[in-house]
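Hi everyone, thanks for making time for this. I'd like to walk you through one model, and please keep the viewer open while I talk.

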Amino acid sequence: MFLALRELRFARWRFTLMGSVVALIAVLVVLLSGLSSGLVNDGVSGLRRLPVTAFAFDPDVKLDSAFSRSVVSRGQVDTWRRQPGVRDAALFGNMLANARSDRGVPIDLALFGVEPDSFLAPAPAEGTGLGSADGIVVSRTAIEAGLRLGDTVIIDRIGTRLTVVGSTGDQRTYGHVDVAYLPLATWQRLHQGAGPGEALRAGAANEATAVAVQADDGADLAAADAAAGTTSYRKTQAYGASPGYTAETSTLQLIQVFLYAISALVVGAFFTVWTINRRHELAVLRAMGAARAYLLRDGLVQALVVLGASIGAGVAAGVGLGGLISGSDVPFAIEAPAVTVAVLLLAALGLIGAAFAIVRVAAVDPLTALGAHR
């Protein structure tokens, strides 16, 4: 470590340049992590906050269109409730709607139809909960977008008027659209396109999008599916049915993978060049009896100091920039676990790249490196 620390002082500008590149990569990693978390929150935070274990859909629909095409019945809910390990089950309705408030505020809403006395009904942070047929509880982000408690929301084309009676204390969005909870009976009318005074078609009052299930960890969901005639997905799997969720997360994850690969290559290339330049010093140490393990440890300490300082600076800059971005309309959320994993991966891949460079040069015969072949 003595040689490594002396070289850090001697060639500080070279290491500063290298550290600056790694810091910029760390900034990008933090920003991409925040953007990925923000997009996930904006896409499925409404589903995340539902107290469910799984969703059971019509077996004839694909996952990516389940929330828009699936239709289940109340009889299937009753079957699910009788299954071993299932604590409760309830009908859950989901649809997107364009609306406008009586004050002229245009807003898109993801309408979650739930029975007011079921476990799906939200606990409002402001106002009151679900009760009246025309009352809705909206996400906090809908309030931030311009709605107010007491506003009347008119659903486009149908003309149904709903009153904002409460709001949640957190973000609840689905497919980048603010969530509004409403009684299941009202949702069924909207889903059928029945305007004020129009009658529902036969059977519509017993239908919804999915069966929301609360089950024990060891519950046999496959057996319950066979009994109820449904196809169920764990809640995290059901995120894939949110519009754009799979495409967005896959794209950002691929970009992050490329960033990690670039980081390993950049750090590895730098330490390869640097180690080749100091081959003579390493050969002297080898000729004096230093083991290859010592040289590897010496080089890794050097790499760790550079990576630690540069990644720390990059993360600090990324968090600072993220704070500015999060105040805008861009979906951005810095989550400590995601940033920690990204930082550890960046440091580990950088160390692996440096280790490959050091091992390759340290394996050279010391007499050859000292010029004995001349």
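I'll start with the whole chain, then go through rings, a helix, some strands, and the annotated segments.

First, a reminder that this is a predicted model. The protein chain has 13 helices and 13 strands. Of its 374 residues, 48% are buried. If you take the contacts between residues at least 6 apart in sequence, 77% of them join residues at least 24 apart. The accessible surface of the chain comes to about 17600 Å², and carbon and sulfur atoms account for 60% of that.

Now to the rings. How many aromatic pairs does the structure hold? There are 11 aromatic pairs. Let's take F55 and F92: their ring centres are 5.6 Å apart and the planes meet at 45°, so we call this pair tilted. In sequence the two are 37 residues apart, and the pair links distant parts of the chain, with F55 in strand β1, residues 54–57, and F92 in strand β3, residues 86–101. Both F55 and F92 are buried. They also belong to one aromatic cluster, together with F57, F67, F112, Y174, Y181 and Y233.

For another geometry, have a look at Y239 and Y245. Here the centres are 6.0 Å apart with 70° between the planes, which is an edge-to-face pair. Is Y239 buried or exposed? Its relative accessibility is 7%, so Y239 counts as buried. Y245 has a relative accessible area of 18%, and the cut-off for buried is under 20%, so Y245 is buried too.

Next, please find helix α4, residues 74–81. Its buried residues include Q76, V77, T79 and W80. Why do these four sit on the same side of α4? They cover an arc of only 160° around the axis, and that puts them on the same side. And what covers them? The cover includes strands β1, β2 and β3, then β12 at 210–215, helix α7 at 221–228, and β13 at 231–234.

We met β3 a moment ago, so let's follow its pairing. β3 pairs with strand β7, residues 152–155, in the antiparallel sense over three bridges. In that pairing, A99 stands opposite I155 of β7. From β7 we can step on to strand β8, residues 161–167: these two strands run antiparallel as well, joined by three bridges. One bridge partner to click on is R161 in β8, across from I154. The β7–β8 hairpin has five residues between the strands, and R157 there takes a positive phi near 70°.

One more residue before the last topic: Q256, in helix α9, which spans residues 245–277. With a relative accessible area of 13%, Q256 is buried. Which residues does Q256 touch, leaving aside its neighbours within four places in sequence? Those contacts are V29, L32 and S33.

Finally, the record. The unreviewed UniProt entry annotates "transmembrane region" over residues 257–276, 300–325 and 337–359. In the model, residues 300–325 are 100% helix and 0% strand, with the end C-alpha atoms 35 Å apart. Residues 337–359 are likewise 100% helix and 0% strand, and there the end C-alpha atoms are 33 Å apart.

That's my tour, and I'm happy to take questions.

Key
Residues are numbered from 1 along each chain as its sequence is written. This is a predicted model: local features need pLDDT of at least 70, side-chain atom pairs count only at pLDDT 80 or more; totals for chains, interfaces and linings use all residues. Side-chain values use heavy atoms; hydrogens and water are left out. Rings of Phe, Tyr and Trp (its six-membered ring) pair if their centres lie within 6.5 Å; planes under 30 degrees apart count as stacked, over 60 as edge-to-face and the rest as tilted. Buried means under 20% relative accessible area, exposed over 50%, partly exposed in between (1.4 Å probe, protein chains only). The arc is that of the directions from the helix axis to the C-beta atoms. Contact means heavy atoms within 4.5 Å. Two strands pair if DSSP finds at least two bridges between them. Accessible areas come from the Shrake-Rupley method with a 1.4 Å probe; for residues, only the protein chains shown count as cover. UniProt positions are given in the numbering used here, feature names are shortened, and annotations may be inferred rather than shown by experiment.
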